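Please walk me through this structure in the viewer, one selection at a time. I would like to know what to select next and what is there.

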Protein chains: 2
Amino acid sequence: MSKKISIAIDAMGGDNSPEKTIAGIKIFLDKYKTKDDFILNIFGKEKEIKNIVNKYKISSNQINIINSNHVVSDEEKPLTAVKNSKNTSMWDCIQHQLDGKSDISLSAGNTGVLLVISRMILKMINDVNKPALAGLWPNENGMNVVLDLGANIECSDQNLVDFAELGSALFKSLFPNEKPKVSLLNVGSEEMKGTEMLKIASQRLRNLSNQDNFIYQGYIEGNNIMNGVSNVIVTDGFTGNVALKTAEGTAKFITNNLKKSLTENIISKISLIFSYFSLKKFKDKLDPRKYNGAIFLGLNGPVVKSHGGIDSIGFYHSIDLCYKIIKGDLMSQIRKNLNHSKSVKE
Amino acid sequence: MSKKISIAIDAMGGDNSPEKTIAGIKIFLDKYKTKDDFILNIFGKEKEIKNIVNKYKISSNQINIINSNHVVSDEEKPLTAVKNSKNTSMWDCIQHQLDGKSDISLSAGNTGVLLVISRMILKMINDVNKPALAGLWPNENGMNVVLDLGANIECSDQNLVDFAELGSALFKSLFPNEKPKVSLLNVGSEEMKGTEMLKIASQRLRNLSNQDNFIYQGYIEGNNIMNGVSNVIVTDGFTGNVALKTAEGTAKFITNNLKKSLTENIISKISLIFSYFSLKKFKDKLDPRKYNGAIFLGLNGPVVKSHGGIDSIGFYHSIDLCYKIIKGDLMSQIRKNLNHSKSVKE
């Protein structure tokens, strides 16, 4: 790709913005200072942004600040979003992308509004019925793509097949040296398990399985999501949302209890001196900021939602995700997968 | 209760049985040696069981060994279970319970077969449409009851209302000093979230909420299951099964990585000397053997399924669970809750 990777960033969304988002941009610029293959288009209140850019001593010809007069409110409802969100930093990002001036948009703002206006402006890919929210989730060997995480609470077998194609394309764009291995989340691994809809989706995925697009591995149970045998986990948005949040809650419960145990008395506190670096590595591996960014797939262009409450390091990771998605040419991977899907007689 | 608590135990189900189950019974008898308010009816191959009873030097007038000539195979399918399972130790347990000679049955054998024959022999409670599998799940303040864990992959609002009544009754029987606080598992906490079916169930639970039966607290998201604010978590069997197994997988992933970190070099190994007792307490709290036993609710009598792969300590915990369920008079609690449910004009 000789053209520069162009990322539209809504600087105004999420807690402590634009301070947090600009601090995240600063981290990105520092980490990528040897690269000149990208441009960051920063949308929001120009004066406010410029002040913070100066405060962080950012001087780069790879940023482009574009004024937006308004900001999407956290209270805005998806139903009234289209009417009320014009001329906001979020809307202007997506419009910039539609106009071909950015390849991808990133916002830490109101999720419901972002999904609605992205879909309205960018429109669905012709062959896809419903868009999906995909996330990254660590496993024993590396990383999973999991989708849908909540865009669609009810899904058909066609939706799940689409999600498998979209999720595999995302996996290939992010991890070009690995093969996407798809599993359907279910309550058991035997063919007879689950709803009729899941059984139909499973049979269709089996027919579509090949070396170039994705290898279908059958059903997976919740306890095996992280064992690394599969790396693209497909489910409906209700189940995916519950599974992801349950994993987050479990991780928090365990690490809180571990922290309590290791600080409960003077002897255990001494142990921290000896285990400091090991525990730091352990903590780093599980750091949720590394997995920040849900990718909205199925539109004519990718949109990334950063967690609203995340800090600047988390926001940096979502900019990094945007860069890698475009570097890995996600939209070509999606087109390739969907063409394969159409060409196979199931 | 002046009558003794009578527990029917299938000694033959699960891995390493009957050695494992008898070893579990031995632990139970040792822990409860000051109590004479129970009797354990042990079903299986009499000669084999008696040999192991002698090996473990169990001499108690509180056990009652009853011969069953056959054992349910792990490969047996629920469809053919009724035809093939007569005269097995599992079947004989449930029959003993139906005859009024036991109050509860326990097996570590084939789950599908146990559910089918329990339902066929004991029959559903008149006012309940579908039975549910309930489990215990730790939270910050104590313990949750979570149901359904997989008996019904598709549920109606009526089923969820029944599960709330059954789960609250179980909670009251196990924790008589605490109030059951019910939440419906959903993808968000706002009223507008989730499927239409969930919204109807939520409205009905709100109408049924009272101080005597259960307090309804609205929706709960996966990340809050373990925060201790609610203690009876209601969901359909598909979502519940995925959530439970995802939590198990996450816990395993984290503890494996922690173990790796704390043994990776000599310095971190030294830390283990100082943190040994603290980490042991931490490990004990999370020990899955403590939560062993899924309770089959909605039949005219409770049936407990122990994990098949669990060891004797885990099996002991499931006998303990049976004892506590009957001690807490589960069936009266269920009748009381269901009568309340019928009397309220929703």
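Select the strands of chain B in this predicted model. Eleven of them make up an open sheet of mixed pairing, and its order reads E3-E2-E1-E4-E11-E10-E5-E6-E9-E7-E8 (chain B). Go next to the two edges: strand E3 (63-67) lies at one and strand E8 (215-220) at the other, both in chain B, and each pairs on one side only. Looking across the sheet, neighbouring strands are turned against each other by 25° on average, with direction ignored.

Now pick out residues 181-185 and 232-234 of chain B, which are strand E7 and strand E9. These two strands pair in the parallel sense, over three bridges. Within E9(B), show Ile233(B); Ser183(B) stands opposite this residue.

Add residues 157-174 of chain B, helix H6, which packs on the sheet. The helix touches strand E5 (132-139), strand E6 (142-147), E7, E9 and strand E10 (294-297) of chain B. Compare the direction of H6 with that of E9(B): the angle is about 160°.

Finally, show both chains together. Chain B superposes on chain A by a rotation of 180° with 0.0 Å of shift along the axis, at an RMSD of 0.0 Å. The two copies are therefore related as by a two-fold rotation axis. To find where chain B comes nearest to this axis, select the C-alpha of Ser271(B), which is 2.1 Å from it. Then colour the contact residues on each chain: 100% of those of chain B recur in chain A, so the same surface serves both copies.

Technical notes. Residues are numbered from 1 along each chain as its sequence is written. Chains are lettered from A and ligands numbered from 1 in the order in which they are written. This is a predicted model: local features need pLDDT of at least 70, side-chain atom pairs count only at pLDDT 80 or more; totals for chains, interfaces and linings use all residues. Copies are superposed by least squares on the C-alpha atoms of residues with pLDDT of at least 70 in both. Two residues are in contact if their C-beta atoms, placed from the backbone, lie within 7 Å. Two strands pair if DSSP finds at least two bridges between them. Helices (H or I, at least four residues) and strands (E, at least two) are DSSP runs, numbered from the N terminus. Axes are lines fitted to C-alpha atoms, for helices over the stretch in contact, and angles run from 0 to 180 degrees between N-to-C directions.
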